[in-house]
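Here are my notes on the structure, set out as numbered points for you to check against the coordinates.

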Amino acid sequence: MRKYNVGIIGATGMVGQRFALLLENHPWFNVTVLAASPRSAGKKYDEVVSGRWLMTSPIPDKYKDMPILDASDITAIAEKVDFVFCAVDMKKEEISALEEAYAKAEIPVISNNSAHRNTSDVPMVIPEVNPEHAEIVEAQRKRLGTKRGFIAVKSNCSIQSYVPALHPLRKFGISEVIACTYQAISGAGKNFDSWPEMVDNIIPFIGGEEEKSEQEPLKIWGKIDNDKIVHAVSPVITTQCIRVPVSDGHMAAVFVKFENKPDKQEILDLWNNYGGIALPSAPEKFLTYFNEDNFPQSKLHRDLYNGMGVSIGRLREDSLYDYKFVCLSHNTLRGAAGGAVLVAEMFADKGYFD
């Protein structure tokens, strides 16, 4: 695999910082551009982020003296990169326009943002679940008038805990799902120092999160038809999304009803034998089921397989639905920057950056 030069657009925020750490020694990707808003442009990375570095690991030396470029200076950035990761903090319509401008400048965009998740020819990929959606890129390029440029997105961080667990069970005809997610404060780009109101507190509302959590799985499970991804019509999904005083790790309590109810061992066998993928950031084991009654736990299991594994536990029959279980994923690794890096590895492996 050749080395690709990459840029991080939105490099100073929490997700951008996580991208910087994940890509520090990546075998395929070499960071050549750090970009952010005009107010940061021209300054050294260390100068901008040292007072608001939110990672537990220190700022990598290789980035400290790198000058930050203006994210809107696409011409200058295009000369230095093969593709970019995007994690900017802007209005949705501004993000949409910026990402499309990069794509039209023949720079592929792997986005952590939500602006294009509902665009019908933009693939929203969990590589272990729906890699075939990469094929929609050719239709998108046709629309944009590009040869290399395109946009691909990763899904909302909360659904990456329970969609992987539900996916292998779709063979039994999932008809209804209730998912209550208990989401870490890093999902809001905060830690306890910057958000002291979250200490000893729970907030039962995360703006826009429930709508995303109910609709995005249907796109992931959709099919490509006539140059667009058509959403699946089932299952019916309803969610509640709650912010809890946890630093990292989104947990979900899931209730599921089937058209053809499997027995418990069938479910466990599917989870335990679900195949992984051979990419640098992919976990050795995608789904891990724990038999202990009090597992998984955020503090103990969010870092499973470098934060890229999905943990499941407490599978049991339910009095109203067929089964219920809990699951957990690391929201800034599997759910954000790490998931986007894995998506980029998938596209690189398929030759879409060449």
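1. Just after H5, Glu106 takes a positive phi of about 70 degrees. Please bear in mind that this is a predicted model, in which local features need pLDDT of at least 70 and side-chain atom pairs count only at pLDDT 80 or more, while totals for chains, interfaces and linings use all residues. Residues are numbered from 1 along each chain as its sequence is written, and side-chain values use heavy atoms, with hydrogens and water left out.

2. Helix H5 itself (helices being DSSP runs of H or I with at least four residues, strands runs of E with at least two, numbered from the N terminus) spans residues 92-104 and reaches 18 Å from its first C-alpha to its last. Its buried residues (under 20% relative accessible area, 1.4 Å probe, protein chains only) are Ile95, Leu98, Glu99, Tyr102 and Ala103. They lie on the same side of H5, because they cover an arc of only 140 degrees around the axis, taken from the directions from the helix axis to the C-beta atoms.

3. Asn113, placed in the loop between S5 and H6, is buried with a relative accessible area of 9%, and its side chain reaches the backbone oxygen of Val88 at 3.0 Å. Leaving aside neighbours within four places in sequence, the contacts of Asn113 (heavy atoms within 4.5 Å) include Ile95 and Glu99.

4. Strand S13 (residues 310-317) runs parallel to S12 (residues 287-290), joined by 4 bridges, and antiparallel to S14 (residues 323-329), joined by 5 bridges. Ser311 is the bridge partner of Thr288, and Leu328 is the bridge partner of Ser311 in S14.

Conventions:
The expected span of a helix is 1.5 Å times one less than its number of residues. Buried means under 20% relative accessible area, exposed over 50%, partly exposed in between (1.4 Å probe, protein chains only). A polar contact is a pair of N or O atoms within 3.5 Å; within protein, one must be able to donate a hydrogen and the other to accept it, and residues adjacent in sequence count only if both atoms are side-chain atoms. Two strands pair if DSSP finds at least two bridges between them.
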